[in-house]
Amino acid sequence: MIIANEDMLSQVWINLLDNAIKFSPSDSEIKIDINSNDQQIHISIHDNGPGIDLNKQKYILIKFHHGDASHSSPSNGLGLSIAHKIIALHGGTIRIARSDEIGTTFEVTLPSR
């Protein structure tokens, strides 16, 4: 259980799931895992997209950054930076746990109460 702003966290999940859908091939699976202990809740979302280049990963949570250099998908570059800010306001973290040619996994950690 966590104490949080439902609307704000909803924006985080919408953004992460929208990106997972947008960058995954058709008919692929998106995996969501939720684990918790006494102090934290860990949520991971894994897609089957092309991955995020290692050099771009450090910028992916910055406002107006586009991970997709071709800009072939419509984006203003704000989604992940907003998600990052919302998670930080809740005392949590968001990070790329893994990203390679078989997909990307974002991990969100929130304090439980």
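Hi everyone, let's start with one residue: S99 sits in strand β3, where strands are DSSP runs of E, at least two residues, numbered from the N terminus. Before going on, a word on the model: it is predicted, so local features need pLDDT of at least 70 and side-chain atom pairs count only at pLDDT 80 or more, while totals for chains, interfaces and linings use all residues. Residues are numbered from 1 along each chain as its sequence is written, and side-chain values use heavy atoms, with hydrogens and water left out.

Back to our serine. With a relative accessible area of 18%, S99 is buried, which means under 20% with a 1.4 Å probe, protein chains only. What does S99 touch beyond its neighbours within four places in sequence? The answer is G51, I52, Q57 and T104, where contact means heavy atoms within 4.5 Å.

Two of its links are polar. The side chains of S99 and T104 share a polar contact of 2.8 Å, and a polar atom of the S99 side chain lies 2.6 Å from the backbone nitrogen of I52. A polar contact here is a pair of N or O atoms within 3.5 Å, one able to donate a hydrogen and the other to accept it; residues adjacent in sequence count only if both atoms are side-chain atoms.

Now the strands. Strand β3, residues 93-100, pairs antiparallel with β4 over seven bridges; pairing takes at least two DSSP bridges. A hairpin of two residues connects β3 to β4. On its other partner, β4 runs antiparallel to β2, residues 40-46, also through seven bridges. T109 in β4 is the bridge partner of T93 and of H42. Finally, seven of the nine residues of β4, residues 103-111, are buried. Thanks, friends!

Note on methods. Buried means under 20% relative accessible area, exposed over 50%, partly exposed in between (1.4 Å probe, protein chains only). Helices (H or I, at least four residues) and strands (E, at least two) are DSSP runs, numbered from the N terminus.
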